Amino acid sequence: AVKQATTRLFGLRVCRRHFNGPAKSADRKPVHSARIFISSSHNSLENISAEEFLFAPPAELPENLNNLKNCHTLFLWQNKPCVFIGRHQNPWKECNISKMDEDQVTLLRRFSGGGAVYQDMGNLCWSFFSPLSDYDKQRNMDIVTGAIQKEFNIQAFPSGRNDILVPFTEPSDVGSNTVGGRKISGSAFKIAGERVLHHGTVLVDVDVNGMLKYLNPSKAKLKSKGVDSVKGRVINLKQVNEGVSIDRLVSALSNSFIETYRSRGAKDDITVETLDVDFLKEISPNYRKTLSSMTDWDWRYGKTPEFTHEMNHRFSWGEVTFLFYVEKGRIHEKEFAIYSDSLYPSLIDSMKNRLKGKSYDVEGIRKAMNEVASDMMEDAESGISWDLLEELQEWLCENL
């Protein structure tokens with residue numbers, strides 16, 4: 001039986017669930033305390049900063065948070081449309097940056113590794129935090145798969161590269177490596193000191209069109225030193241069982257976590273608490289610093305490995321090839337080149353000068369092209385029209 005009572009302590013709305021689970025096994029030592037947090041925010045930058053706060057909590061905390069370092073913790077959160085990339089990935093290789101800018105889809109770079117992942121409100125993120133001395137990846141995977149099996153009667157199972165699959169086969173799968181299983185979850189982990197973070201996602205009802213729209217631009221001619229994402233065939237849980245919902249999955253994961261740690265003799269009651277990110281902003285300089293870092297352009301784009309990107313197109317006024325060499329998210333001043341058979345040499349010279357050093361994103365391209373337009377206005381003999389410049393600018397932005 002599960003009983004609930006709600007209070008609010010230090011910015012946390014606490015929902016106590018007293019689980020009458022199995023008695024503590026005689027052959028197991030009592031484990032550390034266990035807690036569950038659900039984020040109050042759907043802002044991906046705030047949520048990933050909250051995850052970092054829970055992973056490396058500061059020394060001085062309000063009394064109701066002072067056991068975080070020695071606590072097994074489950075953090076559940078959802079994000080509005082965004083794309084997460086790994087610490088060493090190239091966003092221009094992994095993502096369609098121009099479409100993301102156009103649709104206001106947030107780009108985030110994780111502190112940990114892993115591949116590029118699109119998320120929206122049809123996706124549930126889970127994060128397990130454990131003391132290094134009692135970390136067990138398989139236990140975490142069992143909590144997730146057990147919740148899905150028990151609540152939705154879907155036989156989820158771990159597979160390879162930290163993934164979770166569900167049985168699902170279509171005729172088009174025959175002969176492929178997806179026969180018998182489709183991916184509904186992927187995960188990664190990192191260790192710092194005596195603390196371990198194991199985090200992942202569950203696809204419940206994610207907009208698959210968004211995944212196709214914002215990930216892996218297929219026509220870009222990119223050569224990079226970055227890490228490639230591993231491509232996989234995925235499926236939403238709702239396609240397997242129409243009764244699946246985020247709310248039910250949150251409840252199922254919470255109960256599975258509670259059962260697991262009560263059976264292992266967790267100290268104190270296990271509580272389900274709403275983590276108020278506005279409260280974290282008030283009490284924690286560490287949280288504010290992390291949020292600022294996550295938002296910073298240099299972290300999200302500038303940490304990209306060096307890469308080249310070649311663009312070519314024939315316009316009505318001539319053919320042009322851009323060879324971009326990008327370092328720390330900016331167009332390299334010495335290696336950047338433009339080749340063209342155009343009869344507008346002043347335009348090519350202006351673009352060479354104005355694009356150098358600019359950030360390699362839509363904002364940087366537009367800024368450079370505005371400067372080019374000013375140059376052309378001052379050159380009465382250039383013969384360059386506004387329509388020509390606008391067409392060129394939009395083509396560049398669309399092909400980043």
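How many aromatic pairs does the structure hold? The count is 18 aromatic pairs, taken from a predicted model.

1. One of these pairs is formed by Trp92 and Tyr301, whose ring centres are 5.5 Å apart. Their planes stand at 45 degrees, so the pair is tilted, since stacked requires under 30 degrees and edge-to-face over 60. Trp92 belongs to helix 2 (residues 91-94) and Tyr301 to helix 10 (residues 297-302). With these positions 209 residues apart, the pair links distant parts of the chain. Trp92 and Tyr301 are both buried.

2. Phe315 and Trp317 give a second case for inspection. Their ring centres lie 5.0 Å apart and their planes make 10 degrees, so this pair is stacked. Phe315 is buried, as is Trp317.

3. The residues of both pairs recur in one aromatic cluster, whose members include Trp92, Tyr301, Phe315 and Trp317. Also among its members are Trp297, Phe307, Phe322, Phe324, Phe336, Tyr344, Tyr360 and Trp395.

4. Trp297, a member of that cluster, also has a charged neighbour: Arg330 lies over the face of its ring, 5.0 Å from the ring centre.

5. A polar site to check is Asn96, in the loop between helix 2 and helix 3 (97-103). Is Asn96 buried or exposed? Its relative accessible area is 15%, and the limit for buried is under 20%, so Asn96 counts as buried. The side chain of Asn96 makes a polar contact of 3.0 Å with the side chain of Ser98.

How values were computed: Residues numbered from 1 in each chain as written. Predicted model: local features only at pLDDT ≥ 70, side-chain atom pairs only at ≥ 80, totals over all residues. Heavy atoms only, no water. Phe/Tyr/Trp six-rings, centres within 6.5 Å; stacked < 30°, edge-to-face > 60°. Helix = DSSP H or I, 4+ residues; strand = E, 2+ residues; numbered from the N terminus. Buried < 20%, exposed > 50% of the residue type's maximum accessible area, 1.4 Å probe, protein only. Lys NZ or Arg CZ within 6 Å of the ring centre and 35° of its normal. Polar contact = N/O pair within 3.5 Å; in protein donor to acceptor, adjacent residues only side chain to side chain.
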